[in-house]
Amino acid sequence: MKLLFGIFPILCAGAVIYGSLFARAETSAKIAPRVLVVATYETGKDTGDTPGELQFWAEREKLSEAILVPGVEHSLLTNGKGLYVMVSGVTSRSALALMSLAMDPRFDLTHTYILLCGIGGADPKATTLGSAVWVRRVVDGDPAYEIDSRETPPEWPYGTIALGANEPGKVPAGATDAPAAGVSEESSGGVGRIVFTLNRPLVDWAYALTRGLKLGDNEAMTKDRARFSAYPAALAAPTVIEGDSLGTDHFWHGAIMTRWGEDWVTAYTHGEGKLAISDCEDQGVVLAVDRLGQLGRVDPHRLLILRTASNFTLQAHGVTANHSLFDGLVTSSGYIPALEAAYQTGQIVVHKLLDGWDEYSEHIP
């Protein structure tokens with residue numbers, strides 16, 4: 001026993017030294033992506049078949065190295081040159097994957113530029129099929145009251161109402177946050193922020209780099225656009241623009257729901273915003289980045305969102321909403337061009353950041 005007790009302090013000291021060396025090695029060996037591209041889904045294989053949002057990045061950037069991350073279903077992919085791409089999953093659940101990655105002790109994302117890059121539905125009043133939208137604001141469309149359309153008062157245009165309001169198209173006076181359902185706006189414990197404004201100088205910088213890009217077009221898209229003759233923006237060829245996105249967990253479609261989306265963005269931005277494109281993930285990702293920023297795990301000022309239009313948010317004249325959704329969406333002429341536009345537009349900004357890393361690592365454009 002005397003011998004064991006004599007050795008014990010030496011063993012403890014050795015363990016402390018070893019642990020300290022291991023901690024330093026772990027810190028020095030942290031994986032620090034320069035750019036993280038977030039794709040929300042992939043169909044089938046990562047390469048060589050019908051593409052999702054990941055595939056063009058995986059193929060063209062030669063992302064051959066895979067890293068398993070607990071809490072993220074799809075392996076993180078990298079080419080070993082500072083670019084990493086993750087598949088987050090769809091809807092606001094994408095936030096969980098991003099938080100899992102950021103909280104993994106192997107990673108340091110404090111200087112990482114995050115680019116959420118995916119497709120969405122275009123409001124034909126704002127843009128057209130195949131266009132790319134650098135998102136300025138994300139508006140969360142999920143916290144809401146809702147009455148079935150068959151039971152709404154006849155004078156209401158739709159049955160979705162902001163929490164704290166009592167009629168469509170309005171929000172509580174001066175509201176930037178949503179109160180808890182059934183609680184007045186003066187009460188504490190509300191839902192939280194609805195409008196998230198991205199770093200405008202960074203968004204403008206990305207837009208300036210890509211605004212002159214000629215995006216892909218084809219005869220099928222021209223034919224489909226022609227059915228939206230009431231909307232001049234929808235008839236134009238695809239371009240790169242800036243605009244606001246509306247994120248919701250449910251995939252909505254149709255003229256009535258589009259009016260709701262337009263009103264929702266206008267109301268919550270107090271007339272400053274305008275719906276350009278809709279999707280199912282932006283609201284989750286911006287909230288995750290906001291919280292991770294508070295934890296010191298990411299820099300919220302380094303977030304970019306690029307959405308490209310694979311379809312319109314409403315049906316063409318003479319077409320029912322359900323036909324437009326269930327038949328037209330699956331075979332949309334804008335699907336592949338939108339995926340191409342996402343990669344072609346996004347990669348310009350990604351490579352600018354990577355090539356200028358000596359500057360951009362510390363100084364945000």
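**Exercise 1.** Does tyrosine 231 count as buried, partly exposed or exposed?

*Solution.* The model is predicted, so local features need pLDDT of at least 70 and side-chain atom pairs pLDDT 80 or more, while totals for chains, interfaces and linings use all residues. Residues are numbered from 1 along each chain as its sequence is written, and side-chain values use heavy atoms, with hydrogens and water left out.

Step 1: buried means under 20% relative accessible area, exposed over 50%, and partly exposed in between (1.4 Å probe, protein chains only). Step 2: tyrosine 231 has 22% relative accessibility and therefore counts as partly exposed. Step 3: phenylalanine 228, at 5%, is buried.

**Exercise 2.** Classify the ring pair of phenylalanine 228 and tyrosine 231, then that of tryptophan 260 and tryptophan 264.

*Solution.* Step 1: a pair of aromatic rings is described by the distance of the centres and the angle of the planes. Rings of Phe, Tyr and Trp (its six-membered ring) pair if their centres lie within 6.5 Å; planes under 30 degrees apart are stacked, over 60 edge-to-face, and the rest tilted. Step 2: the whole structure holds eight aromatic pairs. In one of them, phenylalanine 228 and tyrosine 231 are 6.5 Å apart centre to centre with 45° between the planes, a tilted pair. Step 3: for tryptophan 260 and tryptophan 264 the centres are 5.5 Å apart and the planes stand at 50°, so this pair is tilted. Step 4: both tryptophans are buried and lie in helix α7, four residues apart, about one turn of the helix. Ring pairs join Trp252, Trp260, Trp264 and Tyr268 into a cluster.

**Exercise 3.** Describe the surroundings of strand β12 (residues 240-247).

*Solution.* Step 1: helices (H or I, at least four residues) and strands (E, at least two) are DSSP runs, numbered from the N terminus; two strands pair if DSSP finds at least two bridges between them. Step 2: β12 runs parallel to strand β6 (residues 132-140), with eight bridges, and valine 138 stands opposite serine 245. Step 3: β12 also runs parallel to strand β13 (residues 275-279), with four bridges; aspartate 244 has leucine 275 as its bridge partner there. Step 4: from β12 the chain passes through helix α7 (residues 255-268) to β13 in a right-handed β-α-β crossover (with the strands pointing away from the viewer, the path from the first strand over the helix to the second runs clockwise). Step 5: eight of the eight residues of β12 are buried, so the strand is largely enclosed by the rest of the structure.
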